[in-house]
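Colleague: Got a minute to go through this model with me? I'd like to talk about its packing and its charged pairs.

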Amino acid sequence: TLQSIGEGVIVTDDSGTIRLMNPLGEQMAGLSQSDVVGKKFSEAFQVVNMQTRESLPDPVSYVLKTDQILLTPQNAGLVRKDGSEIYISGSVAPIVTATGKLSGVVMTARDVTRENEQEEQIEAFLNVNLDLLCVVDLEGTFVKVNKQFETTLGYQTKELYGKSLYDFVLEEDIQET
């Protein structure tokens with residue numbers, strides 16, 4: 001299963017030493033399993049915040065210390081062997097035996113670079129436009145709004161998320177809208 005799953009997978013033992021990396025993990029990192037097996041996660045991989053360029057803490061060490069599942073932070077990126085970078089999304093979870101003993105960690109990740117680039121393009125388009133632009137779901141709930149909402153209507157963009165477009169339409173215009 002680990003070899004064929006649609007995400008990169010890294011498995012460590014209870015000391016944080018990498019024991020397995022599946023083929024998709026190899027492809028994502030630009031490393032072979034033999035490059036990383038026997039190393040600690042922080043020795044083999046560099047994970048950064050793609051916005052601030054700061055290194056992110058070692059997720060394997062965190063899970064080993066806390067026994068808690070950790071979700072990949074937003075804007076997490078993996079620096080590949082060739083120096084290129086990809087956005088990643090996934091989780092790191094403890095592996096626990098039937099007796100409750102922590103026996104290692106499993107990390108899963110997927111490459112979300114394309115999704116992130118599309119999101120950045122949408123943001124750029126929304127915010128260079130001087131018109132009021134928004135994205136709503138099928139019920140009319142705001143999913144995205146541009147900065148022009150703040151300028152024209154005086155609402156902070158965060159205030160609008162989760163609210164209905166129809167809350168801002170005159171009652172007599174709702175049917176037509």
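What follows is a short round of questions and answers on this predicted model.

Colleague: Let's start inside. How many residues does the largest nonpolar core have?

Modeller: Several parts of the chain feed into this core: β2 (18-21), α1 (23-29), α3 (41-44), α4 (59-66), β5 (76-79), β6 (85-96) and β7 (102-111) each give at least two residues. Among the residues with the most contacts inside the core are Ile 10, Val 36 and Phe 45. The size of this largest core is 21 residues.

Colleague: Take Phe 45, then. Leaving aside neighbours within four places in sequence, which residues is Phe 45 in contact with?

Modeller: Phe 45 is listed with Phe 41, Leu 78 and Ile 88 among the core residues with the most contacts. With the sequence neighbours within four places set aside, its partners are Ile 10, Ile 18, Met 21, Ala 29, Leu 31, Val 36 and Leu 78.

Colleague: On to charges. How far apart are the closest N and O atoms of Arg 53 and Glu 85?

Modeller: Arg 53 sits in the loop between β3 (46-49) and α4, while Glu 85 is in strand β6, so this is a link between distant parts of the chain, 32 residues apart. Arg 53 is partly exposed at 43% relative accessible area, and Glu 85 is partly exposed at 32%. The two form a salt bridge, with the closest N and O atoms separated by 2.4 Å.

Colleague: And Lys 144: buried or exposed?

Modeller: Its salt-bridge partner is Glu 119, at 2.3 Å from N to O. Glu 119 is in helix α5 and Lys 144 in strand β9 (residues 142-145), so the pair ties together parts 25 residues apart in sequence. Glu 119 counts as partly exposed at 34% relative accessibility. Lys 144 has a relative accessible area of 14%, and since the cut-off is under 20%, Lys 144 is buried.

Colleague: Which residue meets Glu 115 in a salt bridge?

Modeller: Glu 115 is partly exposed, with a relative accessible area of 42%. The partner is partly exposed as well, at 37%. The N to O distance is 3.9 Å, and because a salt bridge needs the nitrogen within 4 Å of the oxygen, the pair counts; the residue is Arg 110.

Colleague: Last one. Val 128: buried or exposed?

Modeller: Val 128 is part of helix α5 (residues 113-128). Its C-alpha atom is 8.6 Å from that of Asn 146, 18 residues away along the chain. Its relative accessibility is 67%, and because the cut-off is over 50%, Val 128 counts as exposed.

How values were computed:
Residues are numbered from 1 along each chain as its sequence is written. This is a predicted model: local features need pLDDT of at least 70, side-chain atom pairs count only at pLDDT 80 or more; totals for chains, interfaces and linings use all residues. Side-chain values use heavy atoms; hydrogens and water are left out. A nonpolar core is a set of buried Ala, Val, Leu, Ile, Met, Phe, Trp, Tyr and Cys residues joined through side-chain atoms within 4.5 Å. Buried means under 20% relative accessible area, exposed over 50%, partly exposed in between (1.4 Å probe, protein chains only). Helices (H or I, at least four residues) and strands (E, at least two) are DSSP runs, numbered from the N terminus. Contact means heavy atoms within 4.5 Å. A salt bridge is a side-chain nitrogen of Lys or Arg within 4 Å of a carboxyl oxygen of Asp or Glu.
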